[in-house]
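Subject: Structure handover

Hi,

Here is the structure I promised to pass on. My notes on it follow below.

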Amino acid sequence: MKQRIAVYPGTFDPLHNGHMNLIERCTTLFDEVVVAVLRNSAKRPLFAGPERVEMIGEQLANLPNCRVESFSGLLVDFVDQMNACCVVRGLRAVSDFEYEFQMALMNKRLNPRVETLFMAPKEDYTYLSSRTVKEVFFLGGNLEGLVPERVLARLQKRKAEDGL
């Protein structure tokens with residue numbers, strides 16, 4: 001029987017509990033979940049690609065059917081490389097839908113074999129974004145319960161190293 005492999009792509013800068021909620025739920029729907037960290041030279045991430053991969057890998061260590069990879073280029077090409085059947089995308093609000101829907105249609109056009117599954121995170125995390133997490137953190141806000149403890153430790157380390 002063919003394995004059902006899903007790819008959950010994103011920049012994950014940083015990973016937060018909304019991401020983790022979707023990943024954990026995907027592990028019950030698919031045989032394998034590949035968390036795909038986008039390397040995008042147009043963005044200026046807080047954490048470099050290899051550090052994001054390492055950070056996510058540490059967080060996924062207790063999920064045996066998950067792995068983390070990095071990629072650049074077309075998502076549908078990466079999905080083919082992983083022998084995946086599905087792309088998972090999170091929707092926090094209606095405002096996310098238009099962009100995600102357009103991307104799903106383009107991906108379907110580029111590779112008709114690839115399906116897109118839209119998932120909403122647990123209600124507690126619907127307002128979370130990596131950008132918001134960074135803003136709140138650097139303005140001194142409390143991120144307890146919003147990011148994994150390991151991620152919070154890395155944020156604190158980065159803040160201390162950069163003198164922010």
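Two strands count as paired here if DSSP finds at least two bridges between them. Strand S1 (residues 5-10) and strand S2 (residues 32-38) pair in the parallel sense, over six bridges. Within that pairing, Val7 has Val34 of S2 as its bridge partner. Please keep in mind that this is a predicted model.

**Sheet**

S1 and S2 belong to an open sheet of five strands. The order is S3-S2-S1-S4-S5, and the pairing is parallel. Strand S3 (66-71) and S5 are the edge strands, and each pairs on one side only. From one strand to the next, the twist averages 30 degrees.

**Cores**

Which residues have the most contacts inside the largest nonpolar core? They are Ile23, Ile56, Leu60 and Leu155, in a core of 32 residues. Several elements give two or more residues to this core. Among the strands are S1, S2, S3 and strand S4 (86-90). The helices include H1 (17-26), H2 (49-59), H5 (130-138) and H6 (149-162). Helix H1 provides the largest share, four residues.

A second core is separate and has 12 residues. Ile5, Phe71, Leu75 and Val87 are included in it.

Back to Leu155. Leaving out residues up to four places away in sequence, Leu155 touches Pro14, Leu46, Phe47, Val133, Phe137 and Leu143.

Gln59 is a polar case to look at, in helix H2. Is Gln59 buried or exposed? Its relative accessible area is 17%, so Gln59 counts as buried, the cut-off being under 20%. Beyond its neighbours within four places in sequence, Gln59 is in contact with Leu15, Met20, Pro148 and Arg150.

**Aromatic rings**

How many aromatic pairs does the structure hold? There are five. Tyr8 and Phe12 form one of them, with an edge-to-face geometry. Their ring centres are 5.3 Å apart, and the planes make 75 degrees. Both Tyr8 and Phe12 are buried.

Phe137 and Phe138 also form an edge-to-face pair. Here the values are 5.2 Å centre to centre and 80 degrees between the planes. Phe137 is buried, because its relative accessible area is 6%, under the 20% limit. Phe138 is at 29% relative accessibility, so Phe138 counts as partly exposed. Phe137 has a charged partner as well: Lys159 lies over the face of its ring, at 4.9 Å from the ring centre.

Phe97, Phe101 and Phe118 are linked into a cluster by ring pairs.

**Phe118**

Phe118 deserves its own paragraph. Phe118 is found in strand S5 (residues 115-119), which is an edge strand of the sheet. Why does Phe118 count as partly exposed? Its relative accessible area is 27%, and partly exposed covers the range between under 20% and over 50%. Residues up to four places away in sequence aside, Phe118 touches Arg89, Leu91, Phe97, Glu100, Phe101 and Ala104. Phe97 and Phe101 in that list are its fellow members of the ring cluster.

One distance to note: Phe118 and Val136 are 18 residues apart in sequence. In space they are 27 Å apart, C-alpha to C-alpha.

Over to you.

Best wishes

Methods: Residues numbered from 1 in each chain as written. Predicted model: local features only at pLDDT ≥ 70, side-chain atom pairs only at ≥ 80, totals over all residues. Heavy atoms only, no water. Phe/Tyr/Trp six-rings, centres within 6.5 Å; stacked < 30°, edge-to-face > 60°. Buried < 20%, exposed > 50% of the residue type's maximum accessible area, 1.4 Å probe, protein only. Lys NZ or Arg CZ within 6 Å of the ring centre and 35° of its normal. Contact = heavy atoms within 4.5 Å. Axes fitted to C-alpha atoms, helices over the stretch in contact; angles between N-to-C directions. Core = buried A, V, L, I, M, F, W, Y, C linked by side-chain atoms within 4.5 Å.
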